[in-house]
Every structure is written in structure tokens, then in C-alpha cells.
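Trainee: Could you take me on a close look at one part of this model, the third helix and whatever surrounds it? I'd like the contacts and the charge pairs in one connected story.

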Amino acid sequence: MKYMLIMQVNAAALDALTEEQREQVMTGHGTFMETIRASGEMVETHALADPAQSVVVGGRGGVPVVTDGPFLETKEFMGGFYVVECATRERAIELAGLIPDSAVDGLGVEVRPIVFSAGPQ
């Protein structure tokens, strides 16, 4: 089964880290990617830009309207994700625990099963 491991970011939590701690998180992602590539569980991964660079396209009166910034006013935002394919939910949770963000207060990794996928035809 495929799972999306969604890294939930809290800017205040990241700002509270020392430069050394930030570097440990970043290099930890490299180690994590090596681990899931070696195990054959890596499908893909993407890091996302800061929400301040996003726009939201939403309908108003039957017409698409574009607004700046993130959709919701929250302190957490989706910073990136890994898609993994593994045998069990427990393994997906185990992998999420290997992502360095899961060990940082104020950050988290959401584990969500993927129920539909479609790619290029």
C-alpha cells in the first residue's frame, strides 16, 4: 500500500532551532532517503515552497478567483512529503518516525494512506 508521509511545519518551531539543529534535520532527510531507497519503499518526495509564495484558486459566484497566500490561517503548513510503498500501516508509521522532523517539538509527520493514484498516460 502507498502512504503519504506529510511533513507538517511550524515556522516558529523551525525558527527556535539552532543552525546546528537545522543542519541535522536537513542531513537527516538525506539519510532517510537513502534508507527508503535501499529498502525499495521510496516512490517519490517533494519539498514545497513557503506558503507565502502560494495562491489559492477558489470559486465565487461560479467564477474562479485567485487570492494570495495560503488557504487557511494556521501556524502549521505542509512543507513537503514522501510517498512510500510498504506492506503495513505500522511500517509506514515506523518510516515516519525516521524522518528527522518527527523528533522536533512543534513539527510532525502525518501518515495518510493513498487511496487513488494516477500518473502520466
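Mentor: Let's fix one term before anything else: a residue is buried when its relative accessible area is under 20%, exposed when that area is over 50%, and partly exposed in between. Also bear in mind that this is a predicted model.

Now to your helix. Helix α3 spans residues 89-98, and A92, L95 and A96 are buried in it. Looking down the axis of α3, you find its buried residues within an arc of 105°, so they line one face of the helix. That fits a familiar rule: an α-helix has 3.6 residues a turn, so residues three or four places apart point the same way. As for what sits over the buried residues of α3, the cover includes β1 (2-10), α2 (19-38), β5 (76-85) and β6.

From that cover, pick out α2, because H29 lies in this helix and H29 is buried, with a relative accessible area of 11%. Skip its neighbours within four places in sequence, and H29 is in contact with M7, Y82, I99, P100 and D101.

Back on α3, the charged residue to follow is R91. Side chains of opposite charge can pair when their charged atoms come close. R91 makes a salt bridge with E41, and their closest N and O atoms are 2.8 Å apart. This pair links distant parts of the chain, since R91 is in helix α3 while E41 is in the loop between α2 and β2 (42-47), 50 residues apart. E41 counts as buried because its relative accessibility is 9%.

R91 also forms a salt bridge with E94, where the closest N and O atoms are 3.1 Å apart. Here both partners lie in helix α3, three residues apart, or about one turn of the helix. E94 has 46% relative accessibility, so this residue counts as partly exposed.

The count for the model comes to four salt bridges. Another one of them joins the side chains of E110 and R112, at 2.5 Å from N to O. Both of these residues are partly exposed: E110 has a relative accessible area of 27%, and R112 is at 45% relative accessibility. As for the pairs around your helix, salt bridges that share partners join E41, R91 and E94 into one network.

So, to tie up your helix: α3 has buried residues lining one face, and R91 in α3 has salt bridges to E41 and to E94.

How values were computed
Residues numbered from 1 in each chain as written. Predicted model: local features only at pLDDT ≥ 70, side-chain atom pairs only at ≥ 80, totals over all residues. Heavy atoms only, no water. Buried < 20%, exposed > 50% of the residue type's maximum accessible area, 1.4 Å probe, protein only. Helix = DSSP H or I, 4+ residues; strand = E, 2+ residues; numbered from the N terminus. Arc of directions from axis to C-beta. Contact = heavy atoms within 4.5 Å.
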